[in-house]
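Dear colleague,

I am handing over a structure that will be new to you, and I would be glad if you could look through it with the notes that follow. Please open it beside this message and read the two together.

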Amino acid sequence: MGILEKISEIEKEIARTQKNKATEYHLGLLKAKLAKYRAQLLEPSKSASSKGEGFDVMKSGDARVALIGFPSVGKSTFLSLMTSTASEAASYEFTTLTCIPGVIEYKGANIQLLDLPGIIEGAAQGRGRGRQVIAVARTADVVVMMLDATKGDVQRSLLEKELESVGIRLNKHKPNIYFKPKKGGGISFNSTVTLTQCSEKLVQLILHEYKIFNAEVLFREDCSPDDFIDVIVGNRVYMPCLYVYNKIDQISMEEVDRLARKPNSVVISCGMKLNLDYLLEMLWEYLALTCIYTKKRGQRPDFTDAIILRKGASVEHVGTSTKYSPQRVGLTHTMEHEDVIQIVKK
């Protein structure tokens, strides 16, 4: 039985197993096995390591956004509307998958937008060059999931499931669990909070499934077995996701209002160019970027060439800061959006 067949059998077993106190250990072991097989499926094959067989799109600009969605949801139209007309859109062909990069120019920043249509058709099952597509997607700073507003929530749940299966966690933080394998001493288990989803016995069973018999485990929050498995595997990627519902001009106002109120969601119409400005504002917030300008001594600030930094960056990243009215601050001073920096040589 191949890996795909084993994954399918475990998924069927999980689906037909009723979740209750008596089955929690059985389900925990099944999920641990499922995570192991999925990790094996996405491991790069030895033959793919030869020169010239890899796939990548050169990372450029100040941030990278992965655009994901089913065919005919408006990704191509969105890409042409959002990206700079001066930038060339190149196509990288590999098997049945195509990656098209573009550049969004916004608030002085160049944001690389990657249309990854093939991530769903091939990546989760390891078909074609799905592994390489996943490698590119995991380097993104934000995922923009383009959805057809006329299809309700069907597409969203399918895409979330596919991304979940390849280790991409959307709008989630890394579980606050301390885990350290040891050479001896057995398994040391502790928690600083009351656990309602995971017990010490279940933790031991999951560790044994991974052939880990000596480790130190500390739960600092009430996490699920899935969260603990993610910590053990250690290769999960946690990134923000913006759900973009397109074609709102084809649904009722009540449905538009319902979709707009969903967490991390924006409603737009590429066809009628509705709400695209707000989408750019939201994307800027999710990327957590800030724009800094430089100033030479005795001259006015240069507002034509911005320095793009992550929110929370301090003066130490760029030098000594002054802002109208000028003030001298320490290296730990946190920079704000549109601060003006003057480099002073002591």
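A pocket, as the word is used here, is an open set of grid points where a 1.4 Å probe fits, with protein on both sides within 12 Å along at least five of seven lines. Please keep in mind that this is a predicted model. In it, the largest pocket has a volume of about 580 Å³. Of the 22 residues that line this pocket, R38, E164, R169, D226 and D230 are the closest to its centre, and the elements that give two or more residues to the lining are α1 (3-16), α2 (24-42), α6 (154-165) and α8. Sorted by class, the lining has 12 charged, 7 nonpolar and 3 polar residues.

Helix α8, which covers residues 225-233, deserves a second look, for D230 is among its buried residues, together with P225, F228, I229, V231 and I232. Just after this helix, G234 takes a positive phi of about 80°. Helix α10 (residues 276-287) can be read in a similar way: its 12 residues reach 16 Å from the first C-alpha to the last, close to the 16 Å expected, and its buried residues include L276, M282, W284 and Y286. Just after α10, A288 takes a positive phi of about 55°.

Turning to the strands, why is β5 (residues 142-148) described as largely enclosed by the rest of the structure? The reason is that 7 of its 7 residues are buried, that is, each has under 20% relative accessible area. V142, V144, M146 and D148 point one way from this strand, while V143, M145 and L147 point the other way. Strand β1 (residues 63-68) pairs with β5 in the parallel sense over 4 bridges, with V65 standing opposite V142; strand β11 (residues 241-246) also pairs with β5 in the parallel sense, over 6 bridges, and there L147 stands opposite Y245.

Strand β9 (residues 215-219) has alternating side chains: A215, V217 and F219 point to one face and are buried, whereas E216 and L218 point to the other and are not. Strand β7 (residues 177-181) pairs with β9 in the antiparallel sense over 5 bridges, and P181 stands opposite A215. Strand β8 (residues 187-191) runs parallel to β9, joined to it by 5 bridges, and N190 has L218 as its bridge partner. Finally, β8, helix α7 (residues 200-209) and β9 make a left-handed β-α-β unit.

With kind regards

Notes
Residues are numbered from 1 along each chain as its sequence is written. This is a predicted model: local features need pLDDT of at least 70, side-chain atom pairs count only at pLDDT 80 or more; totals for chains, interfaces and linings use all residues. Side-chain values use heavy atoms; hydrogens and water are left out. Buried means under 20% relative accessible area, exposed over 50%, partly exposed in between (1.4 Å probe, protein chains only). Two strands pair if DSSP finds at least two bridges between them. A crossover is right-handed if, with the strands pointing away from the viewer, the path from the first strand over the helix to the second runs clockwise. The expected span of a helix is 1.5 Å times one less than its number of residues. On a 1 Å grid over the protein atoms alone, a cavity is a set of points where a 1.4 Å probe fits but cannot get out, and a pocket is an open set with protein on both sides within 12 Å along at least five of seven lines; lining residues have an atom within 4 Å of a point. Grid points are joined across faces, edges and corners, and a volume is the space filled by probe spheres set on the points. Ala, Val, Leu, Ile, Met, Phe, Trp, Tyr, Cys and Pro count as nonpolar, Asp, Glu, Lys and Arg as charged, and the others, Gly among them, as polar.
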